[in-house]
Amino acid sequence: MATIASNIPAQSRIIIEDVQPEIDSGKFPVKRITGENFNVSCDLFADGHDVVSGRILYKKVSAKKWLEAPLNPVINDRWQGSFELSSRGEYEYTIEGWVDYALNWQHGIERKIKDNQHVNVELLDGIQYLERILKEVNKDDKDFLTNCIENFSDEEKYSVAVDYATSERLHIILHKNPKKDFKLTYERTLKILVERQKALFSSWYEFFPRSSGKNGEHGNFKTCLEVLPHVAKMGFDVLYFPPIHPIGEKHRKGKNNSVTANEGDPGSPWAIGSKDGGHDAIHSELGDLKDFKKLIDSANDLGIEIAMDLALQCAPDHPWVKEHPEWFKWRPDGSVQYAENPPKKYQDILPIYFETEDWKNLWNEILRIVLYWNKQGIKIFRVDNPHTKPFRFWEWLIKEAQKKDPDLIFLAEAFTRPKIMHELAKCGFTQSYTYFTWRNSKHELTEYINEIAHSTSREFFRPNFWPNTPDINPYFLQDGNEWAFYIRYFLAATLSSNYGMYGPVFEFIVHKPIFGKEEYLDSEKYEVKSWDWSNMTNLKRLITQLNGIRKHEKALQDTFNCRVCDTTNDQIFAYYKSDAEANNHLLMIVSLDPYQMQAGRVKTPIGEILQNGGYGLQMQDLITGQSFQWYDEWNYVEIGQPKLPFHLFRMTKL
């Protein structure tokens, strides 16, 4: 007699595969914002021909009870369902599938009746499935099931029994009260990080607070109060400051990154720390903590959040260098190698040694600093060069900080390799700088938008498009052509729901570079500037207008709804964004040539918009106010010099 193996697995007929979204086999959470419907899909099937059913199980991580959302079949054993993410924090979800014998019975009896077969035995067979759920249903459903059972048992009521057995009401009752035979739960519990709306939709404006003074005088938080109304009037909701901490005096940089500072040179704000303090201190010329908190409150009153820079590096005279020498890597000659990013050299900065044996105290000190500034009212951090610090450190820090305040947002300033940028996003960074700054041609933009909006990275990587930064003066902008600034601004503000700009330098078309480099001549990083924010330029008018449009047009408040449209001219780039719930459809058409008029045909999504009626499109340009009527899929446009180099059309049915 053959021996029966003792390691036979539990009986199961269900297969659950290809659950989406799922990041790295569930290692990292997908990202969403509050109020979204979270869509889940999977392959769900069993052997044979029996009817199967499935549910999504979900809950807040902190909750004890699982909630259920139905899965519905789509095609070819693919199922999908959704549930609402009603609050911030971390959710978890998984899939449950089973053979539904009750629905299988009803499906089989329906097919036999259509084939004119007598189903008396099948009616008797069905009684068992109804009796199993009698105690679980409400009174009305119980009365209905009882009538079914009585009619199934009485041959003289055959026709009535058939009507009961094939009724929609019985189908609904059986579907709502499954017994879940041979139930299988997906092997992994997956997570969702749900963040506030600003994680997906924000407009950033950067300026140096020390440049808020007049006539070349060093500005401070009090003079920044005078700038706030200008930033608010332009429609920005995040005001980002470079580091506000004491600036090192040892090896301080001079004008244009000179290795020798002259008397009065303020140094780079990223050379953090001096005898006056480190990352939890404020540069004395900017003011004190009371002044800073007043600035935060005043900004909030205008609908603006202050974002701080978190730059984990130290000037040679930072207090940590003496207090925690083990947090730096010392060379045989007793020095620390200054920071480098070849060919750039930062003689005024010492990198922190994250491989130190004292790493736990280092991590905790950085968390303390983040929570300290959060306690003062800061909820947004722009993080400098996060890719030069350990991934697991960021995963820990962001999670621990968001436990204290789920509203915290972290923007990664990581211009580095794609996989590294993606890993930082998986570790918890809310948003990230991108390659947009260097994507200029139609092919480059098309390829990049398709990658961002339509690949799996959309589940965790939120881009933030910047046309310039204090570190980057792009070649496209270096000749100071006003139309070039228009083009790059329009692309940033309409392609991505999160965008930012190095404010006064961009809006006042500052463009002179260091020859042969993507760097600004006479960079504000190394000297104090004075700006006339009251000067209303044409570019500033456009910025103000477009920020207003972004707040009104729901389709612009998402990045991942962007679809590139075909054009007959490679100097014309077109893309479509829509929000079905708001019935908001937008078509953006941009000339990529800042010097001359361009013409061509653009393929519009007219068929998609008119599929439920209508005979044409009303095309209203939200920038110029002009209106056109289009009836064909392909339409002719002329854009660029001397006219504006773009259209922003709201499309409605005729």
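This is a short talk on the sheet, the nonpolar cores and some backbone details of one predicted model.

Some ground rules. The model is predicted, so I take local features only at pLDDT of at least 70 and side-chain atom pairs only at pLDDT 80 or more, while totals for chains, interfaces and linings use all residues. Residues are numbered from 1 along each chain as its sequence is written, and side-chain values use heavy atoms, with hydrogens and water left out. Helices (H or I, at least four residues) and strands (E, at least two) are DSSP runs, numbered from the N terminus.

I start with the sheet. Seven strands form an open sheet with parallel pairing, in the order S20-S19-S18-S13-S12-S11-S21. Two strands pair if DSSP finds at least two bridges between them. At the edges, pairing on one side only, are S20 (431-432) and S21 (498-502). Strand S18, residues 380-384, runs parallel to strand S19, residues 409-413, and five bridges link them. One bridge pairs Ile 380 with Ile 409 of S19.

Next to Ile 380 in sequence is Phe 381, so which residues does Phe 381 touch beyond four places away in sequence? They are Met 308, Leu 310, Val 370, Trp 373, Asn 374, Leu 408, Ile 409, Phe 410 and Leu 411; contact here means heavy atoms within 4.5 Å.

Phe 381 also belongs to the largest nonpolar core, of 152 residues. A nonpolar core is a set of buried Ala, Val, Leu, Ile, Met, Phe, Trp, Tyr and Cys residues joined through side-chain atoms within 4.5 Å. Buried means under 20% relative accessible area, exposed over 50%, and partly exposed in between, with a 1.4 Å probe and protein chains only. Phe 381 is among the residues with the most contacts inside this core, as are Phe 83, Tyr 93 and Leu 491. Helix H13, residues 482-495, gives the most to the core, with eleven residues. A separate core has 23 residues, including Phe 152, Val 162, Ile 173 and Leu 174.

Now the backbone. Two peptide bonds before proline are cis: Gln 20 to Pro 21, with omega near 0°, and Gln 641 to Pro 642, with omega about 5°. Pro 21 sits in the loop between S1 (14-20) and S2 (30-33), and Pro 642 in the loop between S28 (634-639) and S29 (646-653).

Asn 116, not a glycine, has a positive phi of about 65°. Asn 116 is in the loop between H1 (101-114) and H2 (120-131), and is exposed at 74% relative accessible area. Asp 522 also has a positive phi, near 55°. Asp 522 lies in the loop between H14 (503-507) and H15 (538-552), and is partly exposed at 28%.
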